[in-house]
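This report describes selected strand pairings, a helix contact and two threonine positions. The sequence and structure are shown first.

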Amino acid sequence: MTVSLEQLRRCHVAVDLGASRTRVYVKGPGLVVDEPSVAAVNTRTGSLIAVGALAEQMTGRTPDYIRVARPVSGGTVVDIEMAQRMLRHLLGEKLRRQLRRKPWLRAAACTPHDSDPLARRASVETLVGLGARRVELVDTLIAAAVGCGLPVEQPTATMIMVCGAATTQIAVLSLGSIVTAVRLPVGGDAIDHAVIQHLRQHHELMLPSQSVRPLQLALHGNGLTAQGPSVTEIHGRDVATGLARSVQVDTAAIRQAIHRPLTAVLDGVGKVLRDCPPDLVADLADCGITMVGGSALLPGLDRMLRDATGVPVHIAERPDTCSILGLGAMMEGEISSLVLDPLAS
C-alpha cells in the first residue's frame, strides 16, 4: 500500500517503537510519551509490574520471579502482546479514553529502512491491538529527515544517519525520496558492549550496564575527543573477588575500544556515497551529514565521521526525537510536498 501525505494527515496518533525508547505523538497535544521500551513482568502471576523508566531501573536488580522484558529489538517488535501491554500502560487511562472516542482511529508508525514484511506486519498488529482501524507505515529515514528540518523536498542532496540502539541507518535523500540507503546492525548497544568488554579484559572490572552511557558522556567531557592524554576514575566490581573497586582508565584506550565496532559504520557511509550519483555527492560537500538518534551523541562519533569522509557532520538539535517529531509534522500538515516510498502494511 502506498502511503501519501493525505493519508497521514488523517492519522490521530503516531508511534515510534524503538529498541531503546518508545515515543507517542498525539495530534494536537504533541509528544505525550517518551519512555524506555522496557516492561517488568511477574512470571508467577503474569501481571505487569512496571514499564518505562521504572522498569529500566529494575534491570539486573530483580528477584527470580520478575522478568524485565524488551519487546522491541532493532526497531522491530519481537513480542507483540508485551508491546501492546507496555503501550497501554504508557498511554494511561485518560489518553486511552480520548483515543477511543475517535470513530475511525488511524495511526502512523516508523519502520526501519528495508525492513522485511514480517517486521512491518508486527508493527501494524501492535497498533491494531490498541484499537487502530488503519495503520500507515513511514520509513524512519524520511521521518527523521523531516523532524530535524532538512529540506528533503528540494532537488538537492541531504544525507542523514539515524543512530539507534541496535542499528544504524544511512541514506541520501532528494526530492522527498530515498536515493540510496543502507541499514547496519551496529548501534549504541554495540558501543556499550565494547566498553564493558574492554574494562573486563584489561582491568578485570565489571561495570553495571546502566552506567555505561553516563560513563561515555563523562569521558566526552573529560576530553575523549581531544588529542592529549587524560585519565578517568571508574567504579565497578572486581571480576575475581566480587568486591567494589575503582581503577584509573586512560581515555585514549576507551576511545579505541569505542571506535573498533564503528568501522562498519564507516564502511556503510562509503557504500552509500559510492552508490550515489556524482551530482548529489557534490551537494554533500556543502550540506554534509546530519546525525540523529539517541546514539548520535556518542563521544567522538561525529569527529570520526568528519575525518573519514571529509564532509561536514552536524548533530540535530534534538537528535533523539527527530523521527517522532517528523511523523507529527506530517500528521499536522506542516509538510506540503513529499514523496513517500510504498510500504506494505
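## Strand pairing, helix packing and two threonines

Strand 1 and strand 2 form a hairpin, with three residues between them. The model is a predicted one. The two strands of the hairpin, strand 1 (residues 13-17) and strand 2 (residues 21-26), pair in the antiparallel sense over five bridges. Strand 1 also pairs with strand 9 (residues 106-111), here in the parallel sense and over three bridges. The table gives one bridge partner for each of these pairings.

| Residue of strand 1 | Paired strand | Bridge partner |
|---|---|---|
| Asp 16 | strand 2 | Arg 23 |
| Ala 14 | strand 9 | Ala 108 |

Strand 1 is mostly covered, since five of its five residues are buried. The covering extends to both faces of strand 1. On one side, Val 13, Val 15 and Leu 17 are buried; on the other side, Ala 14 and Asp 16 are buried as well. Asp 16, buried in this way, is the residue whose bridge partner in strand 2 is Arg 23.

The next topic is a pair of helices. Helix 6 (residues 188-203) packs with helix 8 (residues 251-259) at an angle of about 135°, and their axes are 8 Å apart. Angles over 145 degrees count as roughly antiparallel and those of 65 to 115 as roughly perpendicular; helix 6 and helix 8 are therefore oblique to each other. The crossing of helix 6 and helix 8 is right-handed. Helix 6 contributes Ile 191, Ala 194, Val 195, His 198 and Leu 199 to the contact, while helix 8 contributes Ala 253, Ile 254, Ala 257 and Ile 258. By residue class, the contact of helix 6 with helix 8 comprises eight nonpolar residues, one polar residue and no charged residues.

Two threonines in strands remain to be described. Thr 158 lies in strand 11 (residues 158-163). Its relative accessibility is 5%, so Thr 158 counts as buried, the cut-off being under 20%. Leaving aside residues up to four places away in sequence, Thr 158 touches Leu 150, Pro 151, Val 152, Ala 171, Val 172, Leu 173 and Leu 284.

Thr 232 is found in strand 15 (residues 231-238). Thr 232 has a relative accessibility of 8% and therefore counts as buried. Between Thr 232 and Asp 250 the separation is 18 residues in sequence and 6.6 Å in space, C-alpha to C-alpha.

Terms used. Residues are numbered from 1 along each chain as its sequence is written. This is a predicted model: local features need pLDDT of at least 70, side-chain atom pairs count only at pLDDT 80 or more; totals for chains, interfaces and linings use all residues. Side-chain values use heavy atoms; hydrogens and water are left out. Buried means under 20% relative accessible area, exposed over 50%, partly exposed in between (1.4 Å probe, protein chains only). Helices (H or I, at least four residues) and strands (E, at least two) are DSSP runs, numbered from the N terminus. Two strands pair if DSSP finds at least two bridges between them. Axes are lines fitted to C-alpha atoms, for helices over the stretch in contact, and angles run from 0 to 180 degrees between N-to-C directions. Angles under 35 degrees count as roughly parallel, over 145 as roughly antiparallel, 65 to 115 as roughly perpendicular and the rest as oblique. A crossing is left-handed if the near helix is turned anticlockwise from the far one by less than a right angle, and right-handed if clockwise. Contact means heavy atoms within 4.5 Å. Ala, Val, Leu, Ile, Met, Phe, Trp, Tyr, Cys and Pro count as nonpolar, Asp, Glu, Lys and Arg as charged, and the others, Gly among them, as polar.
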